[in-house]
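Morning, everyone. Please look at the screen while I talk.

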Amino acid sequence: MHRPGHYGGSLLAYAPVGFFVVAAGAVELAIAGGAVAVAGAMIPDWDQRVPFVRHRGPTHTVWFALLVGTVLGIAGALVGSSMGVGSAIALGGFGFVVGAIIVIGHLLADVLTPMGIRPFEPLRDDTYTLDVAKAANPLANYALLALGAVTSVIAFLAGSVVAGALGV
């Protein structure tokens, strides 16, 4: 997929997390996490700028999702450390989840294309594809963006209702 499709994929992957964070009463954190997920949506495609790294290779795997999650988890823990150990652990965990979602959302968008992905490479060479649309298909890209945006709004609103019902 192209940029709009990857933004939509990130929003779609982040929506359940955003729901729970909003339901817990941390609206600003939920919005910040969504913004980071969208801002990082193209990170796996940095492989196109690195010589000798093939496109949809190592940056399109679950291992890369764990790496990006770890990096953002450490960043979150460092930010939270000034607020105490509990905040460092919470923000570290949240950072890890958002970082992993950056890559997972990207993979979800790319699995829709005929080229597909090999998310368990180098352990397994299985290619996964739903072969729904070519990566350059503007209709598919904008439809995925719209789906991600609508799902995120619904998750936010539902989380707000739950938070209100819980008195958070």
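I'll go through the cores, one helix, the salt bridges and a surface patch.

Keep in mind that this is a predicted model.

Let's begin inside. In soluble globular proteins, nonpolar side chains tend to be buried together. So what makes up the largest nonpolar core here? It has 10 residues: A13, Y14, V17, V21, V22, A30, A37, F94, V98 and I101. Three helices each give at least two of them: α1, residues 3-23, α2, residues 27-39, and α4, residues 85-110. Which helix supplies the largest share? That is α1, with five residues.

Zoom in on A30, one of the core residues. Leave out anything up to four places away in sequence, and A30 touches Y14, G18, V21 and V22.

There is also a second, separate core. It has nine residues, including I102, V103, L107 and I117.

Next, helix α3. It runs over residues 62-81, which is 20 residues. How far does α3 reach from its first C-alpha to its last? The span is 28 Å, close to the 28 Å expected at 1.5 Å a residue.

Now, which residues of α3 are buried? The list is F64, A65, V68, G69, G73, G76 and G80. Look at how those numbers are spaced. An α-helix has 3.6 residues a turn, so residues three or four places apart point the same way. And what covers the buried residues of α3? The cover includes α4.

On to charges. How many salt bridges are there? The count comes to four.

Take E121 and R54. Their side chains meet in a salt bridge, at 2.6 Å from N to O. This pair links distant parts of the chain, 67 residues apart. E121 sits in the loop between α4 and α5, where α5 is residues 138-166. R54 sits in the loop between α2 and α3. Is E121 buried or exposed? E121 has 14% relative accessibility, so it counts as buried, the cut-off being under 20%. R54 is at 37%, so R54 counts as partly exposed. This pair also belongs to a network of salt bridges: R54, R118 and E121 are linked.

Second pair: R56 and D110. Their closest N and O atoms are 3.2 Å apart. Again, distant parts of the chain are linked, 54 residues apart. R56 is in the loop between α2 and α3, while D110 is in helix α4. How accessible are these two residues? R56 is buried because its relative accessibility is 5%. D110 is buried too, with a relative accessible area of 1%.

Third pair: D126 and R124. Here the closest N and O atoms are 2.2 Å apart. D126 has 32% relative accessibility, so D126 counts as partly exposed. R124 is partly exposed as well, with a relative accessible area of 46%.

Last stop, the outside. Which residues make the nonpolar surface patch of about 620 Å²? They are W63, L66, F96, V97, F120, L123 and Y128. The elements giving two or more residues to the patch are α3 and α4. L66 is a handy example, and it lies in helix α3. At 42% relative accessibility, L66 counts as partly exposed.

To recap α3: it has buried residues, among them F64 and G80, and it also gives residues to the nonpolar patch. Thanks for listening.

Methods. Residues numbered from 1 in each chain as written. Predicted model: local features only at pLDDT ≥ 70, side-chain atom pairs only at ≥ 80, totals over all residues. Heavy atoms only, no water. Core = buried A, V, L, I, M, F, W, Y, C linked by side-chain atoms within 4.5 Å. Buried < 20%, exposed > 50% of the residue type's maximum accessible area, 1.4 Å probe, protein only. Helix = DSSP H or I, 4+ residues; strand = E, 2+ residues; numbered from the N terminus. Contact = heavy atoms within 4.5 Å. Expected span 1.5 Å × (residues − 1). Patch = residues over 30% accessible without salt bridge, like charges linked within 9 Å, V, L, I, M, F, W, Y side chains within 5 Å. Areas by Shrake-Rupley, 256 points an atom, 1.4 Å probe, with all protein chains shown as cover.
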